Amino acid sequence: MGGSNPDRSRRFAEIATACFGYFIAALVLLHILRLDYTPVDHMISDYAVGHFGWVMTTAFVALSAGCLMLGLGMFAAGPRSIAGRCAVLLLWVATVGLLVTAIFPTDLETAASTTTGNIHTASFLVNVTSLVLCSLLFAVSFRQSESWRGYRWTGLVLAIALLAAFIAQFLTLHRGAPYGLTNRFFVAVLMVWFLMTATHLRRVTNFSQRATTQRA
């Protein structure tokens, strides 16, 4: 990496962390503001419908921005293997998908199906699939990178947990199942993965900057 790259990559990681923090704070707040939406039978996307819907919409935009920033940081300072590059590409696919999710709100379970709701559902499928595959590809690539090798087991455990949460989510996508809870479990694991990966990206860039300074 060039002399200025560690600074830039660290800023990407910091902005990504702030975006993820906003998403988490907004989601927690909505659980307080919308007590009529019970977590058992309401996906988090339902918060974008009705009162305070703008909070969930901005949360999706923030999550999209976080994926973009993390992808930029990982492109600059992450593993350079084919698996690592494919993982970055999937982060950017999710970036676009989450913007679509924000623009097109979901249909509530009790409401009639609409084109907007169908687009939202399609974006949801793209997002979760992209992010699960992204975490798995990064877990493979971490072993092949000296800077990221120390994170390989954490990355692998989180990727497996995210895959398990993904499976649980889809096994409960039917009326009468606790799909709201599995949705929140998936999101919780995903946010841990995002924050842990962004944190290690900052560590990698800090180490790279110290090494560059010592050589100067």
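Visitor: In which helix is the place of Leu-89?

Guide: The model shown here is a predicted one. In this model, the residues from 82 to 103 form one helix, and Leu-89 has its place there. The helix asked for is H3.

Visitor: Is Leu-89 buried or exposed?

Guide: A residue counts as exposed when its relative accessible area is over 50%. The relative accessibility of Leu-89 is 52%, and therefore the residue counts as exposed.

Visitor: How many Å apart in space are Leu-89 and Thr-154, C-alpha to C-alpha?

Guide: Along the sequence, Leu-89 and Thr-154 are 65 residues apart. In space, the distance between their C-alpha atoms is 21 Å.

Visitor: Thr-101 is also found in helix H3; is Thr-101 buried or exposed?

Guide: The limit for a buried residue is a relative accessible area under 20%. Thr-101 has a value of 4%, so this residue is buried.

Visitor: Which residues are in contact with Thr-101, leaving aside its neighbours within four places in sequence?

Guide: Contact here requires heavy atoms within 4.5 Å. With the sequence neighbours within four places set aside, the residues in contact with Thr-101 are Phe-60, His-120, Ser-123, Phe-124 and Asn-127.

Visitor: Which backbone oxygen does the side chain of Ser-64 reach?

Guide: Ser-64 is found in helix H2, which covers residues 53–77. Its relative accessible area is 2%, and Ser-64 is therefore buried. Leaving aside neighbours within four places in sequence, Ser-64 is in contact with Leu-98 and Leu-99, among others. At 2.6 Å, its side chain reaches the backbone oxygen of Thr-95.

Visitor: Is Gln-169 buried or exposed?

Guide: Gln-169 is found in helix H5, made up of residues 152–171. Its relative accessibility is 2%, so Gln-169 counts as buried.

Visitor: At what distance does the side chain of Gln-169 reach the backbone oxygen of Tyr-179?

Guide: Beyond its neighbours within four places in sequence, Gln-169 is in contact with several residues, including Met-43, Phe-124 and Tyr-179. A polar contact needs a pair of N or O atoms within 3.5 Å. The side chain of Gln-169 reaches the backbone oxygen of Tyr-179 at 3.4 Å.

Visitor: How far apart in space are Ile-32 and Phe-12, C-alpha to C-alpha?

Guide: Ile-32 is found in helix H1, residues 5–33. At 57% relative accessibility, Ile-32 counts as exposed. Ile-32 and Phe-12 are 20 residues apart in sequence, and their C-alpha atoms are separated in space by 31 Å.

Visitor: How many helices and how many strands does the protein chain have?

Guide: Read from the N terminus on, the elements of the chain run α-α-α-α-α-α. The secondary structure thus described comes to zero strands and six helices.

Visitor: What is the radius of gyration of the protein chain?

Guide: The chain has 216 residues, and a compact globule with that number would have a radius of gyration near 17 Å. The value for the protein chain agrees with this expectation: 18 Å.

Visitor: What percentage of the residues in the protein chain is buried?

Guide: Buried residues are those under 20% relative accessible area. Of the 216 residues in the protein chain, the buried share is 47%.

Visitor: What percentage of the accessible surface belongs to carbon and sulfur atoms?

Guide: The accessible surface of the protein chain comes to about 10400 Å². The part of this surface that belongs to carbon and sulfur atoms is 70%.

Methods:
Residues numbered from 1 in each chain as written. Predicted model: local features only at pLDDT ≥ 70, side-chain atom pairs only at ≥ 80, totals over all residues. Heavy atoms only, no water. Helix = DSSP H or I, 4+ residues; strand = E, 2+ residues; numbered from the N terminus. Buried < 20%, exposed > 50% of the residue type's maximum accessible area, 1.4 Å probe, protein only. Polar contact = N/O pair within 3.5 Å; in protein donor to acceptor, adjacent residues only side chain to side chain. Rg over C-alpha atoms; globule rule 2.2 N^0.38 Å. Areas by Shrake-Rupley, 256 points an atom, 1.4 Å probe, with all protein chains shown as cover.
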